[in-house]
Amino acid sequence: MISFTSLLADVRACTLCAEHLPHGVRPVVQIDPEARVLIAGQAPGKKVHESGMPFDDASGERLREWMGVTREVFYDSKQIAILPMGFCFPGTGKSGDLPPRRECAPAWRDQLLAQLPRLEVTLVIGQYAQAYHMQGKRSLTDTVRDWRSYSPDLIPLPHPSPRNNIWLSRNPWFETELLPVLRQRVADALESL
């Protein structure tokens, strides 16, 4: 079995889909075997691609607020792992960022998840991550609305992007019912460190 250090070095040096990435290769992941919380997201956006820090944008600010954690805790890989479905910025399409590249998850995901033995909760953000982790073909709204059936190990979330403000306003139950449970579940997982 490959060591964690070697695996992470291989991920960071990956060029598997370089020819399809208009902005170049820059895998953005955060992982440590000690992590108790996993954020399974979509793919980095352009700002994250430029900074190299996951969720280093308005989406990240909202996500940290949803989770009830500080920036310091969020970026502590011994507490929180961040593994998007695609590790590199896929580029922009007609209505926003393109979907995560399909090559990334089959090449790396299972190997990286196997490196997280202490994981207590996974936040599954967006339809691509939900399709992978929850193996469903339901709509994002139906999956998030049915969050209780996945809890306590998995918590499905919409993407925290400001583009989802309309979704959030149409689904007030998300803030009143799910967010308090999310914050408590994250706090409990991090407390066990």
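In this predicted model, Phe174 has 2% relative accessibility and therefore counts as buried. Trp173 counts as buried too, because its relative accessibility is 12%, under the 20% limit. Trp173 and Phe174 form an edge-to-face aromatic pair. Their centres are 6.4 Å apart, with 80° between the planes. Ring pairs join these two residues with Trp66 and Trp167 in a cluster.

The whole structure contains 6 aromatic pairs. One of them is formed by Phe74 and Tyr75, again edge-to-face, at 5.0 Å centre to centre and 85° between the planes. Both residues are buried. Phe74 also has a charged partner: Arg64 lies over the face of its ring, 5.1 Å from the ring centre. A further such contact places Arg109 over the face of Tyr132, at 5.5 Å from the ring centre.

The largest pocket holds about 920 Å³ of space. Its lining comprises 35 residues, and Gln42, Asp97, His159, Ser161 and Arg163 are the closest to the pocket centre. Helix H2 (46–51), strand S4 (96–97) and helix H6 (126–133) each give two or more residues to this lining. By class, the lining of the largest pocket has 17 nonpolar, 12 polar and 6 charged residues.

The second largest pocket has a volume of about 210 Å³. Met85, Pro99, Pro100, Arg101, Arg102, Ala105, Pro106, Tyr128 and Tyr132 form its lining. Helices H5 (104–113) and H6 each contribute two or more of these residues. The lining of the second largest pocket divides into 7 nonpolar and 2 charged residues, with no polar ones. Tyr132 thus appears in this lining and also lies beneath Arg109.

Note on methods: Residues are numbered from 1 along each chain as its sequence is written. This is a predicted model: local features need pLDDT of at least 70, side-chain atom pairs count only at pLDDT 80 or more; totals for chains, interfaces and linings use all residues. Side-chain values use heavy atoms; hydrogens and water are left out. Rings of Phe, Tyr and Trp (its six-membered ring) pair if their centres lie within 6.5 Å; planes under 30 degrees apart count as stacked, over 60 as edge-to-face and the rest as tilted. Buried means under 20% relative accessible area, exposed over 50%, partly exposed in between (1.4 Å probe, protein chains only). A charge sits over a ring if NZ of Lys or CZ of Arg is within 6 Å of the ring centre and within 35 degrees of the ring normal. On a 1 Å grid over the protein atoms alone, a cavity is a set of points where a 1.4 Å probe fits but cannot get out, and a pocket is an open set with protein on both sides within 12 Å along at least five of seven lines; lining residues have an atom within 4 Å of a point. Grid points are joined across faces, edges and corners, and a volume is the space filled by probe spheres set on the points. Helices (H or I, at least four residues) and strands (E, at least two) are DSSP runs, numbered from the N terminus. Ala, Val, Leu, Ile, Met, Phe, Trp, Tyr, Cys and Pro count as nonpolar, Asp, Glu, Lys and Arg as charged, and the others, Gly among them, as polar.
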